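Here is a small set of exercises to work through with the model open beside you. Try each task on your own before you read the solution.

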Amino acid sequence: MSKSTVGAGPGETPVAPDEQDLGAAGSQLSTAPVDTLASGPALGIVGWARWFWRQLTSMRVALLLLLLLALGAIPGSLIPQSGTDETKVADFRKAHETLAPVYDRLGLFHVYGSAWFSAIYILLFVSLIGCIVPRTWQFVGQLRSRPPGAPRRLTRLPAYTTWRTDAEPEQVREAALVLLRKRRFRAHLAGDAVAAEKGYVREVGNLAFHLALIVMLIAFAWGQLFKSEGNKLLVEGNGGFSNTLIAYDDFKSGSLFDVGDLNPFSFTLDKFTGTYETSGPNKGTPRTYEAGLTYSVGAYGKDRKTTIQVNHPLEIDDSKVYLTAHGYAPVITVRDGKGDIVFHDAVPLLPLDSNVTSTGVVKVLDGYKNAKGVSEQLGISAFFLPTYTPGSETASTFPALGNPMLNLTPYRGDLGVNSGIPQSVYQLDKTHMKAFKDSKGAQLRSNLKPGETMTLPNGAGSITYDDTKQWANFQVTQEPGSGWALAGALAAIFGLAGSLFIQRRRVWVRAVKGDDGVTVVEMGGLGRSESAKVPEELGDLAGILYDQAPADPGTPDSPDSSEPPAVPAEGAEK
């Protein structure tokens, strides 16, 4: 019988004993599943099902699904989403009458709830589960087992060295065992050699990366289903906010959110502080941007003071209160022809530019009567400059209150608030309104400084600009899965770093008596992939072991110097 082949059946390619031996030595250096269907799926439903499962749980398909998930999220960022802003979706439909029906059929107005995005999400989840479970069991089995014994021919390994010594083989093996364990190798005696393995953190990092992705997917889904997000604008000293649904200016939530999930707390805006660069190229850039609050938790919680800054929110349980915007609210007093006050309040105006040039509307809905005693509604267009500079009437020159100027244009009539059609508090519908005229028949408008009054014609009353307050907008978010998502992201980073930068490798040390009675020491190393680290590490180990079992100077083929034998680099000729 020939000894050149092992395990070759009819029609099969013979396998050399050395190749089979080397393959056994390098087995289980990773937890990647062995492809038993490399020649194609077996015939029948079961075979095709196994093939499909292997493809779905492979690394390349998982990466492909991750890429598709990232690409699928792009339309959700570029196209208005129905769950986020219905107004923008409606405007898009009016502007793109041909394209909108196509987007509807593709689900691009609700990307994250569409069937195709959910399919990618679920397939990725299944792929990761199917990838991590068998790898975990295989890795546990590897931890419970010992490194495989040494191949018969260590010379075929990528890193190899040898020398002859007077020390006994048992002494060499014992010294090698102590050395390898000291270097944190899992080592044991296997026949005439010591087998050792190191770098299990690579597989731990690989499994941690996959597990972290699963945690992130679950956390993301949980957060989207149960999240809530709302905005509230508050003026300094004017009332407060209680975390109830009707208290928000606008509110959106996940499909499984319940109003009872809102955390009970309330707060008021005591003072907003904003300071800005006064000179140089960064003139007008905010330096201080913070809101002083008084808040309480629960129905009977004690009042507490705090300060919110940009990116430094107030955290109450799993709710976060962010400071998102700032502006000015002129205090306006409106009197009718008899001098009675029919309106007195701070009116928030919306900023138009970085210097907080602002615009808005004052709406007097009830209580006003004209000179004839007839009830009317007033609408006053307001244009505000925090810092007015002569010659620059259309824009403020600085965001702080340097020289405030308020331009008012009053109208009278029907504001249309009783028509049942919703309208913005910052816009004025002039359809059923008439402008006040001055003595020359021109539309009445006036620039006021704090404390000044505009008198309406024909005894119709007056409008006074009393003072200027500041307002701040707060965004209250509640995402139950955000902490888990962050933990998963950090774990994924560390796991990926471990799987990329840590190499799993094996080292064997064989010590046997030669034909002349002198001990022959052989050392070989094998890594998961080609790397210069394996020969370097083997050379370092060989140098230390060589000091404990130096070469026999009496043998003809021993080196003349006391230096340890060189270790060839991986892939070099031996």
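## Exercise 1: Pairing in an open sheet

In strand E9, Ile 308 is the bridge partner of Ala 291. Keep in mind throughout that the model is a predicted one.

**Task.** Work out the strand order of the open sheet of 4 strands, and find which strands stand at the edges.

**Solution.**

Step 1. Begin with E8 and E9, which pair in the antiparallel sense over 6 bridges. Besides the pair of Ala 291 and Ile 308, Glu 290 has Gln 309 in E9 as its bridge partner.

Step 2. Look at how these two strands are joined. E8 and E9 form a hairpin with 6 residues between them. In the turn you will meet Gly 298, which has a positive phi of about 85°.

Step 3. Now turn to E7. Strand E8, residues 286-297, pairs with E7 over 11 bridges, again in the antiparallel sense. Thr 268 has Thr 294 in E8 as its bridge partner, and Leu 269 is matched with Leu 293 of E8.

Step 4. Put the order together: the sheet runs E5-E7-E8-E9, with antiparallel pairing. Strand E5 (241-242) and strand E9 (304-309) are at the edges; each has a single partner strand, so one side of each is left without a neighbour in the sheet.

## Exercise 2: Three salt bridges

**Task.** There are 16 salt bridges in the count. For the pairs Arg 93 with Asp 104, Arg 173 with Glu 170, and Glu 522 with Arg 510, find where the partners lie.

**Solution.**

Step 1. Recall the principle: side chains of opposite charge can pair when their charged atoms come close. The cut-off here is a nitrogen-to-oxygen distance within 4 Å.

Step 2. Arg 93 and Asp 104 meet at 2.5 Å, N to O. Arg 93 belongs to helix H4 (residues 86-95) and Asp 104 to helix H5 (residues 99-106), so this salt bridge ties together parts that are 11 residues apart in sequence. Arg 93 is partly exposed at 32% relative accessibility, and Asp 104 is partly exposed at 35%.

Step 3. For Arg 173 and Glu 170, the closest N and O atoms are 3.9 Å apart. Both residues sit in helix H7 (residues 169-182), 3 residues apart, about one turn of the helix. Arg 173 has a relative accessible area of 13%, so it counts as buried.

Step 4. Glu 522 and Arg 510 have their closest N and O atoms 3.9 Å apart. This pair links distant parts of the chain, with Glu 522 in strand E22 (residues 519-527) and Arg 510 in strand E21 (residues 505-513), 12 residues apart. Both Glu 522 and Arg 510 are buried.

Step 5. Check for further links: Asp 192 is joined with Arg 510 and Glu 522 in a network of salt bridges.

## Exercise 3: A charged patch

**Task.** Which residues form the negative surface patch, and where in the chain is Asp 258 found?

**Solution.**

Step 1. Collect the members: Asp 258, Asp 261, Asp 317 and Asp 318 form the patch.

Step 2. Place Asp 258: this residue is in the loop between strand E6 (250-253) and strand E7 (265-276). You have already met E7, as the strand that pairs with E8.

Step 3. Check the accessibility. Asp 258 has a relative accessibility of 45%, so it counts as partly exposed. A patch residue needs over 30% relative accessible area, and the 45% of Asp 258 fits that cut-off.

Notes
Residues are numbered from 1 along each chain as its sequence is written. This is a predicted model: local features need pLDDT of at least 70, side-chain atom pairs count only at pLDDT 80 or more; totals for chains, interfaces and linings use all residues. Side-chain values use heavy atoms; hydrogens and water are left out. Patches are made of residues with over 30% relative accessible area and no salt bridge: like charges are joined within 9 Å, nonpolar side chains (Val, Leu, Ile, Met, Phe, Trp, Tyr) within 5 Å. Accessible areas come from the Shrake-Rupley method with a 1.4 Å probe; for residues, only the protein chains shown count as cover. A salt bridge is a side-chain nitrogen of Lys or Arg within 4 Å of a carboxyl oxygen of Asp or Glu. Lys and Arg count as positive and Asp and Glu as negative; His and the chain ends are not counted. The place of a charge is taken as NZ of Lys, CZ of Arg, CG of Asp or CD of Glu. Buried means under 20% relative accessible area, exposed over 50%, partly exposed in between (1.4 Å probe, protein chains only). Two strands pair if DSSP finds at least two bridges between them.
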